[in-house]
Amino acid sequence: MNDRDYIELALQLAKQGAGFVSPDPLVGAVVVNNGEIVGRGHYQKYGEPHAEAMAILDAGDRCRGATIYTNLEPCCHLGKNPPCTDAIISSGIKRVVSSLRDPNPKVNGGGFEKLEAAGIEVEAGVMEDEATELNEAFLKYISTSMPFVIVVLAQTVDSKIAQPDGLSQWITCTESRKEVHRMRSEYDAVLVGANTVRVDNPQLTVRDVEGRNPKRIIVAGSSPLPADSNVFTDDMRQSTIIACAPEYSKSFSGFDSLTVWEIERSQGGRVNIMNLLIRAGKEQVASILVQGGSAMTTAFFAHKLVDKIHVFTAPMILGSGIPAVEDIGIDRLDRAVRIRDGKYKQVGTDMWLSGYPEWR
């Protein structure tokens, strides 16, 4: 095995923390001595010991003269845990191989510098692209204090997400819906509009895979929402957040265990999406999965606030129905939002496209 193989193993370990460590990054670590893996660790839960400390503990005395592989620069500041650089230095490790510099202002190269000052060899940039994708939500959040926004669409070949009366169950296949549930388990919050609550009465929980349930953000307007909706009455209701204009917040005062975010409206009268994201960032929501209807998806695209998109396309044509995205102010092909780094995959009977909107 070579450096890349060990970093790949660190990335696989890091993925095990998905859904549990946010707003911190996903990190895995592997200690190798004389070609033998002697320690493994990953960051398991927010506030618990870091991956490097776990791997060093696992390796024990076999750390002396060893190499530690990690997908992110070891921290060098005192936070919820002691600095990982101190643990590495005191362990006797002689070489550190990492994928990415940590953009956290408290680190940002300082971890590498501290290790090198202690006489430890440092190599960075191994599998940098893969490590960047793994922690794309953290990298945006720590750099901007804004959540990473992912839009998920389940549509027909002719880009319809529901029949004319709003019914959408089910356009995509079971396997596609399972993938979306996995995404819910990995991101901090799932967001829908009020109309989705009225029409679909969704649970917005994780059911088809194992994992923790996300927060549920409901963007509400002036019209009342049914008090018996699943998001207000189930066992997860304490994780439901209503985002509404200040003048409408009192209408939710009687809802049990509900959190209300008062968000200023935009000129069009709707909740200001940018202000909503700023509030979410302040509440340590580092990633948001948008699963709203056409109006909600359109609003995020119109304001150029989408970081990543997943499109599940079912092999059916509806003809009439509700479009996936409506007018976003673009009427020319040379100004269209293109999807870069697109990946395509067959999932059950559906086609899954994932990629990153490229704004012009």
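**Entry 1: the second largest pocket**

I began with the second largest pocket and found a volume of about 940 Å³. I note at the outset that the model is predicted. I then listed the lining of this pocket, which comprises 36 residues; E133, L134, R182, E186 and K308 are the closest to its centre. Next I looked up which elements supply at least two residues each to the lining. The helices on that list are α1 (3–15), α5 (128–134), α6 (136–144) and α7 (174–186). The strands are β13 (308–313), β15 (338–347) and β16 (350–358). I sorted the lining residues by character and recorded 16 nonpolar, 13 charged and seven polar.

**Entry 2: aromatic rings**

I searched for aromatic pairs and counted three. I examined the one formed by Y6 and Y69, whose centres are 4.9 Å apart and whose planes enclose 40°, and I entered the pair as tilted. Y6 belongs to helix α1 and Y69 to strand β3 (residues 67–70), so the pair ties together parts 63 residues apart in sequence. I checked the accessibility of both tyrosines and found Y6 buried and Y69 buried. I also looked at the ring of W170: the charged end of R177 sits over this ring, 4.3 Å from its centre.

**Entry 3: the largest nonpolar core**

I turned to the largest nonpolar core, which has 41 residues. The members that touch the most others are I7, V30, V31, I68, Y69, I88 and V96. I then traced the elements that give two or more residues to this core: helices α1, α2 (51–59), α4 (110–117), α5 and α6, and strands β1 (28–33), β3 and β4 (95–98). Helix α1 provides the largest share, seven residues. I note that α1, α5 and α6 also appear among the elements lining the second largest pocket.

**Entry 4: helix α11**

I asked how far helix α11 (residues 294–302) is covered, and found seven of its nine residues buried. I wrote these down as S294, M296, T297, T298, A299, F300 and F301. After α11 I came to K304, where phi is positive, near 55°.

**Entry 5: Y46**

I located Y46 in the loop between β2 (36–42) and α2. Is Y46 buried, partly exposed or exposed? I recorded a relative accessible area of 34% for Y46, which therefore counts as partly exposed, as the range for that class runs from 20% to 50%. Lastly I took the C-alpha to C-alpha distance between Y46 and S22 and obtained 6.5 Å, for a separation of 24 residues in sequence.

Note on methods
Residues numbered from 1 in each chain as written. Predicted model: local features only at pLDDT ≥ 70, side-chain atom pairs only at ≥ 80, totals over all residues. Heavy atoms only, no water. 1 Å grid on protein atoms, 1.4 Å probe; cavity = no way out; pocket = protein on both sides within 12 Å on 5 of 7 lines; lining within 4 Å. Points joined across faces, edges and corners; volume = space filled by probe spheres on them. Helix = DSSP H or I, 4+ residues; strand = E, 2+ residues; numbered from the N terminus. Nonpolar A, V, L, I, M, F, W, Y, C, P; charged D, E, K, R; others polar. Phe/Tyr/Trp six-rings, centres within 6.5 Å; stacked < 30°, edge-to-face > 60°. Buried < 20%, exposed > 50% of the residue type's maximum accessible area, 1.4 Å probe, protein only. Lys NZ or Arg CZ within 6 Å of the ring centre and 35° of its normal. Core = buried A, V, L, I, M, F, W, Y, C linked by side-chain atoms within 4.5 Å.
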